[in-house]
Amino acid sequence: MATSLQISCLVPVLSLLLLAHVSTSYGGSIAIYWGQSGAEGTLREACATGRYKYVMLAFLNKFGNGRTPSINLSGHCNPANGGCKVASRNIKFCQSKGIKILLSIGGGIGSYSLASPADAKRFATYLYNNYLGGRSSARPLGDAVLDGIDFDIELGSTANWQYLARYLMGFSKPNKRVYLSAAPQCPFPDKFLGKALDTSLFDYVWVQFYNNGPCQYEAGNINKLISSWNRWTSSVRGSGKIFLGLPAARGAAGSGYIPPRVLTSQILPKIKRSPRYGGVMLWSRYWDKQTGYSTAIIKSV
């Protein structure tokens, strides 16, 4: 039988063990892509839901190698006639709620590449002056200062993205950081963004665990996804947070959809053990509005 002295000595040890067990689960947030469907509602409406911590404006999908940069917010506004400047007040509204707004460059459809490190520097300067803290008479989204740039590079050349990351980070100031995020495909390393991620400069990495059979969820099988997640969280350099990127509906991707109940009961409890865990990224606001996916998972994220 244990003595009172032995029991009193055990209590702190048991408390520490319990604390250690509890601390192995980390909290996260939801990131969402907005901008590719007029039916998804306004940016203000998306931010007013209170469900998203990060919103990526999709996409600036024409730039580099002599191209005139062009943003395409399909169905929302026409930047060619200055029609997207009205987005400024909605961006500021979101930021007032503590939501970070990033401009996503690239995407699955477009015409973009960086011909050289010098081309990367020119484009970084363009982004800073037209969307971040610099100055330009054009500023397609008005005078709102975005929080950073998201790299969703899925086509064209694999070269020079690391230089763009370095030049953009060079514009960071103590009172106004330029946040960088990336959306690589789950096969590791990503062929387009591998070198950029090696710079350790990215704050958020929302890995696309869909449309990629070798590393995504399949009905009844979470093993490939968990194995890939573990590789990403142990291999990406720096201290940036890693997000589980998912389609918010079956129709949002060709494959890789995870039913909310499977995500919350089987997958999140495992991946939240990593200190690199940042949350869940969803494609996209349009699909999330149709299904309510974020509402179904937010308490578990």
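## Helices H7 and H8

In this predicted model, helix H7 (residues 223-235) and helix H8 (residues 260-271) have axes that come within 11 Å and cross at roughly 20°. Angles under 35 degrees count as roughly parallel, so that is the label for H7 and H8. Their crossing is right-handed.

What does each helix bring to the meeting? H7 offers Leu-225, Ile-226 and Trp-229, and these meet Ile-267, Lys-270 and Ile-271 in H8. Sorted by class, this contact of H7 with H8 has 5 nonpolar residues, 1 charged residue and no polar ones.

## Helices H4 and H5

Now for another helix pair. Helix H4 (residues 117-131) packs with helix H5 (residues 161-169) at an angle of about 40°, and their axes lie 8 Å apart. H4 and H5 are therefore oblique to each other. The handedness of the H4 and H5 crossing is right-handed.

On the H4 side, the contact is made by Pro-117, Ala-120, Lys-121, Phe-123, Ala-124 and Leu-127, while H5 puts in Tyr-163, Leu-164, Tyr-167 and Leu-168. The class tally for this contact of H4 with H5 is 9 nonpolar, no polar and 1 charged.

## The largest pocket

How much volume does the largest pocket have? The figure is about 240 Å³. There are 15 residues lining the largest pocket, and the closest to its centre are Phe-59, Gly-107, Gly-108, Asp-152 and Trp-283.

Strands play a part here: E2 (54-64) and E10 (277-283) each supply at least two residues of the lining of the largest pocket. By class, that lining splits into 7 nonpolar, 6 polar and 2 charged residues.

## The second largest pocket

The second largest pocket holds about 180 Å³ of space. It is lined by 13 residues, with Trp-34, His-76, Val-86, Ala-87 and Asn-90 the closest to its centre.

Which element gives the largest share of the lining of the second largest pocket? That would be helix H3 (residues 87-96), with 3 residues. The class count for the lining of the second largest pocket comes to 6 nonpolar, 6 polar and 1 charged.

## Backbone oddities

Most peptide bonds are trans, and most residues other than glycine have a negative phi. A few spots in this chain go the other way.

Start with Phe-59, one of the residues closest to the centre of the largest pocket. A cis peptide bond joins Ala-58 to Phe-59, with omega at about 0°, and Phe-59 sits in strand E2. E2 is one of the strands that supply at least two residues of the lining of the largest pocket, which puts this cis bond right in the pocket story.

Another cis bond runs from Phe-188 to Pro-189, with omega near -5°. Pro-189 belongs to the loop between strand E7 (179-182) and helix H6 (194-197).

Then there is Asn-160: not a glycine, yet its phi is positive, at about 80°. Where is Asn-160 found? Look in the loop between strand E6 (148-153) and H5. H5 is the helix that packs with H4 at an angle of about 40°.

Key: Residues are numbered from 1 along each chain as its sequence is written. This is a predicted model: local features need pLDDT of at least 70, side-chain atom pairs count only at pLDDT 80 or more; totals for chains, interfaces and linings use all residues. Side-chain values use heavy atoms; hydrogens and water are left out. Axes are lines fitted to C-alpha atoms, for helices over the stretch in contact, and angles run from 0 to 180 degrees between N-to-C directions. Helices (H or I, at least four residues) and strands (E, at least two) are DSSP runs, numbered from the N terminus. Angles under 35 degrees count as roughly parallel, over 145 as roughly antiparallel, 65 to 115 as roughly perpendicular and the rest as oblique. A crossing is left-handed if the near helix is turned anticlockwise from the far one by less than a right angle, and right-handed if clockwise. Contact means heavy atoms within 4.5 Å. Ala, Val, Leu, Ile, Met, Phe, Trp, Tyr, Cys and Pro count as nonpolar, Asp, Glu, Lys and Arg as charged, and the others, Gly among them, as polar. On a 1 Å grid over the protein atoms alone, a cavity is a set of points where a 1.4 Å probe fits but cannot get out, and a pocket is an open set with protein on both sides within 12 Å along at least five of seven lines; lining residues have an atom within 4 Å of a point. Grid points are joined across faces, edges and corners, and a volume is the space filled by probe spheres set on the points.
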